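Please walk through this protein–DNA model with me, beginning at the nucleic acid and ending at the helices that pack against one another.

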2 protein chains.
Amino acid sequence: MTVMQTTPAATGRANPADICSAPPRRHPRPDGQDRYTISEVVAFTGLTAHTLRWYERIGLMPHVDRSHTGQRRYSNRDLDWLEFVNKLRLTGMPVADMVRYAELVREGESTYADRQELLESTRRDVLARIAELHDTLAVLDRKISFYATER
Amino acid sequence: MTVMQTTPAATGRANPADICSAPPRRHPRPDGQDRYTISEVVAFTGLTAHTLRWYERIGLMPHVDRSHTGQRRYSNRDLDWLEFVNKLRLTGMPVADMVRYAELVREGESTYADRQELLESTRRDVLARIAELHDTLAVLDRKISFYATER
DNA sequence: GCCTTGCCTGGAGTGCACTCCAAGGCCATA
DNA sequence: TATGGCCTTGGAGTGCACTCCAGGCAAGGC
């Protein structure tokens with residue numbers, strides 16, 4: 001199980017107002033015009049509207065801004081957060097743990113150490129998962145080539 | 001019941017009657033003495049007894065041999081199958097798909113092509129999953145190094 | 001004989017992560 | 001004015017993969 005080239009990491013410097021380091025992705029609209037409806041966010045993230053509301057209810061999504069009629073208006077920063085959450089989800093992290101991380105973020109800079117620790121533990125899980133998958137790949141390849149030669 | 005001492009045991013070459021290519025792992029006991037109780041299999045696979053019985057009920061585990069009193073006696077081949085199933089499980093394959101594969105195996109050699117196809121599709125999923133995890137790793141590394149330098 | 005341990009069964013229950021429902025508000029266009 | 005589209009809510013429902021339960025059988029030790 002050959003393990004991975006670790007990425008050179010943090011090239012992007014953090015926006016001082018940002019919760020964490022800046023993601024390398026463009027937003028659909030520039031800051032200032034970033035008041036997306038829920039259906040725009042659905043189109044952009046691939047999550048359902050149900051799931052977006054549910055994330056908010058359980059505290060995984062911080063207080064989303066509202067229009068004067070009470071409809072949600074998501075910002076670019078909300079989009080960044082959702083993208084990150086999605087990545088965590090893909091690692092298999094339970095939603096409860098993501099909520100825990102969200103709570104740490106809400107508590108401010110004093111939780112940097114805890115957050116780092118949490119992410120490092122997640123990182124170890126991801127590496128283990130990748131190794132497992134490489135292992136599985138070897139088994140699959142063996143079986144596939146058996147079927148390929150046997151017929 | 002005495003559980004587990006991993007004996008060096010049988011060189012697991014491919015039994016000609018075997019369903020597929022041979023796994024590279026040693027069995028706890030050589031062929032001929034391979035009549036494991038359910039609790040031995042629990043210790044060996046890490047699955048629970050409940051899960052083992054459930055796998056059998058839903059058709060994921062082929063007909064396990066029984067003692068004269070009706071208790072399950074697992075063979076080395078059963079262990080191999082469980083190990084493979086466990087690998088498939090780790091890929092995130094739904095149980096229903098694994099049952100489908102088990103059915104193909106039961107149907108015999110005529111299903112080689114179908115089985116190959118199924119495994120190749122699984123293989124593609126695994127590769128995609130690995131790529132996703134690498135992506136996530138990059139994000140984690142960026143955030144971790146942010147937290148590391150920021151305090 | 002009795003107790004403990006290990007195992008058996010069908011069916012019900014659990015936890016997670018959504019997913020949907022019913023009832024209703026707001027607003028633009030016809 | 002009405003029709004349709006998009007949005008709101010709390011709470012109930014769903015699907016998956018187990019996980020547990022009640023009641024019972026068989027074997028070995030005291």
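The paragraphs below take up the two DNA strands, then a loop residue, and then three pairs of helices.

This is a predicted model, in which local features need pLDDT of at least 70 and side-chain atom pairs count only at pLDDT 80 or more, whereas totals for chains, interfaces and linings use all residues. Residues are numbered from 1 along each chain as its sequence is written, chains are lettered from A and ligands numbered from 1 in the order in which they are written, and side-chain values use heavy atoms, with hydrogens and water left out.

We begin with DNA strand D, which is surrounded by 18 residues, the closest being A:Ser39, A:Arg53, A:Arg57, A:Arg72 and B:His50; a residue is near a strand or molecule if one of its heavy atoms lies within 4 Å of it. Among the atoms of DNA strand D within 4 Å of the protein, 74% belong to sugar or phosphate, and the rest belong to bases. Both chains contribute helices to this surface: α1 (38-45) and α2 (49-57) of chain A and α2 (49-57) of chain B each supply at least two residues, and the largest share, four residues, comes from α2(B). Helices (H or I, at least four residues) and strands (E, at least two) are DSSP runs, numbered from the N terminus. By class, the surface near DNA strand D holds five nonpolar, eight polar and five charged residues, where Ala, Val, Leu, Ile, Met, Phe, Trp, Tyr, Cys and Pro count as nonpolar, Asp, Glu, Lys and Arg as charged, and the others, Gly among them, as polar.

Which side chains have an N or O atom placed by a phosphate oxygen of DNA strand D? For A:Arg72 the separation is 2.7 Å, for A:Arg66 it is 3.3 Å, and for B:Tyr55 from chain B it is 3.5 Å.

DNA strand C also has 18 residues around it, of which A:His50, A:His68, B:Ser39, B:Arg53 and B:Arg72 come nearest. Sugar or phosphate accounts for 71% of the atoms of DNA strand C within 4 Å of the protein, and bases account for the rest. Here α2 of chain A, together with α1 (38-45) and α2 of chain B, each supply at least two residues of the surface, and α2(A) gives the largest share, four residues. The residues near DNA strand C divide into five nonpolar, eight polar and five charged. A phosphate oxygen of this strand is 2.6 Å from an N or O atom in the side chain of B:Arg72, and a phosphate oxygen is 3.2 Å from such an atom in the side chain of B:Arg66. The backbone takes part as well, since a polar backbone atom of A:Val95 is 3.2 Å from a phosphate oxygen of DNA strand C.

Away from the DNA description, A:Pro62 lies in the loop between α2 and β1 (65-66) of chain A. Leaving aside residues up to four places away in sequence, A:Pro62 touches A:Trp81 and A:Arg106, contact meaning heavy atoms within 4.5 Å. The C-alpha atoms of A:Pro62 and A:Val105 are separated by 9.6 Å, although the two residues are 43 apart along the chain.Turning to helix packing, two packed helices are described by the angle between their axes and the distance between the axes. Within chain B, α1(B) and helix α3 (residues 76-90) pack at an angle of about 40°, with their axes 11 Å apart; axes are lines fitted to C-alpha atoms, for helices over the stretch in contact, and angles run from 0 to 180 degrees between N-to-C directions. That angle makes α1(B) oblique to α3(B), given that angles under 35 degrees count as roughly parallel, over 145 as roughly antiparallel, 65 to 115 as roughly perpendicular and the rest as oblique. In this pair, B:Val41, B:Phe44 and B:Thr45 of α1(B) meet B:Leu79, B:Leu82 and B:Asn86 of α3(B), a contact made up of four nonpolar, two polar and no charged residues.

Further along chain B, helix α4 (residues 95-107) packs with helix α5 (residues 112-149) at about 155°, their axes being 10 Å apart, and α4(B) and α5(B) are therefore roughly antiparallel to each other. From α4(B), B:Arg100, B:Tyr101, B:Leu104 and B:Val105 meet B:Asp114, B:Arg115, B:Leu118 and B:Leu119 of α5(B); by class, this contact has five nonpolar, no polar and three charged residues.

Finally, helix α5 (residues 112-149) of chain A packs with α5(B) across the two chains, at an angle of about 160° and with the axes 8 Å apart, which makes α5(A) roughly antiparallel to α5(B). Their contact comprises 24 nonpolar, six polar and twelve charged residues.

How values were computed. A polar contact is a pair of N or O atoms within 3.5 Å; within protein, one must be able to donate a hydrogen and the other to accept it, and residues adjacent in sequence count only if both atoms are side-chain atoms.
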